[in-house]
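Trainee: I have a model open on my screen and would like to talk it through with you. Could we start with the strands and then turn to the charged side chains?

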Amino acid sequence: MIYDLRTYTCRPGTIKKHMKLYEDYGWDVQSKHLGYPVVYGAVETGNVNSYVHVWMYKDADDRAAKRRALQADPEWATYLAKSAEAGYLVNQENTILNAAPFFDPFNSLVNSPR
């Protein structure tokens, strides 16, 4: 299992506008190809002009195949064009994480403290 942690930084004062743009044009098409993310949210402390999302894949080949399909989708191209035109994003950082051998993401949801 691998995780793709993606951190995006918006120009100050534009994160809500960017999230709305993504909700309207990016969310459905991205979820169609990548599945549902492990987390998707705005940063509350630290760089509050940022948001993160984490996607889970079986392995690097699974990630590559899903991302190729996403990149080939005309709806995704439309979203990317609208995002570029809006100019809200100023930085993107991607980090690939390997799950620790003892970590089971599904078990952590079921057995997390309440």
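Mentor: What follows is a short set of questions and answers on the sheet and the salt bridges. This is a predicted model, so to speak: local features need pLDDT of at least 70, side-chain atom pairs count only at pLDDT 80 or more, and totals for chains, interfaces and linings use all residues. Residues are numbered from 1 along each chain as its sequence is written, and side-chain values use heavy atoms, with hydrogens and water left out.

Trainee: In what order do the four strands stand in the open sheet?

Mentor: Strands here are DSSP runs of E with at least two residues, and helices are runs of H or I with at least four, both numbered from the N terminus. Two strands pair if DSSP finds at least two bridges between them. Strand 1 (residues 2-10) pairs with strand 3 (residues 50-57) over eight bridges and with strand 4 (residues 89-98) over nine, while strand 2 pairs with strand 3 over four. The pairing is antiparallel, and the order is 2-3-1-4.

Trainee: Which strands stand at the edges?

Mentor: Look for strands with a single partner, because one side of each is then left without a neighbour in the sheet. They are strand 2 (39-42) and strand 4.

Trainee: Which helix packs on the sheet, and at about what angle to strand 1?

Mentor: Contact means heavy atoms within 4.5 Å. Axes are lines fitted to C-alpha atoms, for helices over the stretch in contact, and angles run from 0 to 180 degrees between N-to-C directions. By these rules strand 1, strand 3 and strand 4 are touched by helix 3 (residues 60-72), whose direction makes an angle with that of strand 1 of about 45 degrees.

Trainee: Is strand 1 mostly covered or mostly open, and how many of its residues are buried?

Mentor: Buried means under 20% relative accessible area, exposed over 50%, and partly exposed in between (1.4 Å probe, protein chains only). Strand 1 is mostly covered, and of its nine residues the buried ones number seven.

Trainee: Which residues stand opposite Asp4 in strand 3 and Arg6 in strand 4?

Mentor: Asp4 and Arg6 also belong, with Arg63, to a network of salt bridges. For Asp4, the bridge partner in strand 3 is Trp55. For Arg6, the residue opposite in strand 4 is Asn94.

Trainee: How many salt bridges are there?

Mentor: A salt bridge needs a side-chain nitrogen of Lys or Arg within 4 Å of a carboxyl oxygen of Asp or Glu. One of them joins Asp24 and Lys20, at 3.0 Å from N to O. By this rule the count is six.

Trainee: Why are Asp24 and Lys20 about one helical turn apart?

Mentor: Both residues lie in helix 1 (residues 15-25). Asp24 is partly exposed at 42% relative accessibility, and Lys20 is partly exposed at 43%. Their separation is about one helical turn because the pair is spaced by four residues.

Trainee: Which residue does Glu75 meet in a salt bridge?

Mentor: The N to O distance in this bridge is 3.9 Å. The pair links distant parts of the chain, 43 residues apart, from helix 4 (residues 74-86) to helix 2 (residues 27-34). Glu75 is partly exposed at 46%, and its partner is Lys32.

Trainee: Is Asp62, which meets Lys66 in a salt bridge, buried or exposed?

Mentor: The two side chains meet at 3.5 Å, N to O. Lys66 is partly exposed at 26% relative accessibility. Asp62 has a value of 13%, so Asp62 counts as buried.
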